[in-house]
Amino acid sequence: MNLLQIENLSVKFQSTQGTIDAVSNVSFAVKPGEIRGIIGESGSGKSVLSLALLGLLDEKAQVQYDYFSFNNESLSELSQHQRIKKLRKNISIIFQDPSESLNPTLTLKSQLRETIALHNDGAGSDFITEESARLLSDVGLSAHESLLPLYPHQLSDGVNQRIMIALALACSPKLLIADEATTNLDMTIQAQILQLLTGLSRDRNMAVVMITHDFAILAEATQSTSVMYCGYLLETGKTAELLHSPKHPYTQSLVNSVPQLGTAVKSHSHLYALPGSIPPADQIPVGCPLGPRCPRAGKPCVKLPPVQGDDEHKFRCHFPLGER
Ligand SMILES: Nc1ncnc2c1ncn2[C@@H]1O[C@H](COP(=O)(O)OP(=O)(O)OP(=O)(O)O)[C@@H](O)[C@H]1O
Ligand SMILES: [Mg+2]
């Protein structure tokens with residue numbers, strides 16, 4: 001059973017240069033309680049994908065999909081408004097920079113009370129006070145009394161990120177999307193926040209989609225991973241399998257970009273170090289988007305490779321690793 005399932009999601013933007021394909025025919029599923037990673041370079045479409053799921057893109061974005069279900073209920077037939085209403089009750093999202101998401105003019109106490117009241121129609125003051133304490137304790141801020149009168153600028157980045165997570169938990173989400181949620185934090189705080197997210201996922205059976213450009217984070221925290229490039233999912237599978245036997249040369253190059261993981265994986269891994277960088281969204285090559293950057297590219301690659309493999313491990317490549 002899947003908590004979230006989406007088939008062939010595409011997001012386009014119209015610009016003065018023409019159409020920008022930010023997300024192209026992406027299919028993926030998240031199981032209840034699962035921690036799934038989405039990895040890709042800057043501009044690969046990770047944030048657009050997650051914002052599209054929650055209907056948080058502006059009206060100019062053209063979002064299309066063939067199938068969309070959440071919690072065993074097909075949402076494909078619902079209007080955008082109805083679908084989003086349902087999803088926002090069950091999915092929360094946290095971003096990279098808590099200082100941008102938190103309201104700088106509200107104390108921690110007011111932010112919590114406002115958010116809890118929003119998700120609990122008609123809740124009394126005592127309930128809101130208890131719920132505030134519970135949420136803070138859930139995110140490891142049990143000494144909450146001293147924090148409550150403070151404003152975001154008076155708190156550290158790590159504490160603010162914990163508060164963001166507490167606010168995201170206020171609707172008891174079945175799925176939490178963490179979009180680069182630990183990117184700006186120093187290493188020890190990053191490890192603490194990852195530990196917090198994995199603990200919350202386990203204790204609440206809450207699925208987490210962890211968006212990052214760092215395979216080391218995924219290796220530590222996720223069970224499965226999808227690799228995104230130029231709006232396409234190039235490979236999806238168990239994180240350990242992608243790390244040790246990736247099928248796509250692009251996945252291999254990402255693994256190699258984490259030195260201690262890369263050297264442990266393949267002695268000839270330098271073969272897959274990719275030249276160049278990800279093209280802008282209006283200059284994606286025809287066919288396989290990796291195109292001229294790929295060391296294994298051949299004539300067939302002028303056509304987009306079909307999705308191959310099985311439910312456990314899928315990839316889009318004409319010349320997958322280990323098969324040539
Ligand atoms: N509102 C928009 N209008 C036009 N193009 C957009 C818009 N939002 C995103 N894009 C384009 O869509 C592509 C994907 O962007 P997205 O923000 O999803 O990348 P990302 O993988 O999240 O990158 P990063 O790692 O830097 O956060 C980019 O080329 C971006 O320029
Ligand atoms: Mg992003």
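In which strand does serine 10 lie? The points below take up this residue and then turn to the ligand, the cysteines and the core.

1. Serine 10. The structure is a predicted model, and serine 10 belongs to strand β1, which spans residues 4–15. With a relative accessible area of 11%, serine 10 is buried. Its side chain has a partner in the backbone: the backbone nitrogen of asparagine 25 is reached at 3.0 Å.

2. Surroundings of ligand 1. The shell around ligand 1 consists of Phe13, Ala22, Glu41, Ser42, Gly43, Ser44, Gly45, Lys46, Ser47, Val48, Glu180 and Ala281. Sorted by class, four of these residues are nonpolar, five are polar and three are charged. Helix α1 (residues 46–53) is the element that contributes most to this shell, giving three residues.

3. Polar contacts of ligand 1. Both side-chain and backbone atoms of the protein approach oxygen atoms of the ligand. In the side chain of serine 42, an N or O atom is 2.5 Å from an oxygen atom of ligand 1. For glycine 43, a polar backbone atom is 2.8 Å from a ligand oxygen. Valine 48 also takes part through its backbone, with an N or O atom 2.9 Å from an oxygen atom of ligand 1. On its own, ligand 1 has 640 Å² of accessible area, of which the protein covers 64%.

4. Cysteines. How many disulfides does the structure hold? The number is zero. Cysteine 288 and cysteine 301 illustrate the point: the cysteine sulfur closest to that of cysteine 288 is in cysteine 301, and because the two are 6.0 Å apart, they are too far from each other for a bond. The cut-off for a disulfide is 2.5 Å between the sulfur atoms. Seen from the other side, the sulfur of cysteine 301 likewise has that of cysteine 288 as its closest cysteine sulfur, at 6.0 Å. Cysteine 288 is buried, at a relative accessible area of 9%, and cysteine 301 also counts as buried, at 15%.

5. Nonpolar core. The largest nonpolar core has 37 residues, and the members that touch the most others are Ile94, Leu112, Ile163, Ile165 and Met210. Two or more residues each come from the helices α4 (108–119), α5 (125–138), α7 (157–169), α8 (187–204) and α9 (215–221), and from the strands β8 (175–179) and β9 (207–212). Of these elements, α7 supplies the largest share of the core, with eight residues.

Methods. Residues are numbered from 1 along each chain as its sequence is written. Chains are lettered from A and ligands numbered from 1 in the order in which they are written. This is a predicted model: local features need pLDDT of at least 70, side-chain atom pairs count only at pLDDT 80 or more; totals for chains, interfaces and linings use all residues. Side-chain values use heavy atoms; hydrogens and water are left out. A residue is near a molecule or strand if one of its heavy atoms lies within 4 Å of it. A polar contact is a pair of N or O atoms within 3.5 Å; within protein, one must be able to donate a hydrogen and the other to accept it, and residues adjacent in sequence count only if both atoms are side-chain atoms. Accessible areas come from the Shrake-Rupley method with a 1.4 Å probe; for residues, only the protein chains shown count as cover. Helices (H or I, at least four residues) and strands (E, at least two) are DSSP runs, numbered from the N terminus. Ala, Val, Leu, Ile, Met, Phe, Trp, Tyr, Cys and Pro count as nonpolar, Asp, Glu, Lys and Arg as charged, and the others, Gly among them, as polar. Buried means under 20% relative accessible area, exposed over 50%, partly exposed in between (1.4 Å probe, protein chains only). A nonpolar core is a set of buried Ala, Val, Leu, Ile, Met, Phe, Trp, Tyr and Cys residues joined through side-chain atoms within 4.5 Å.
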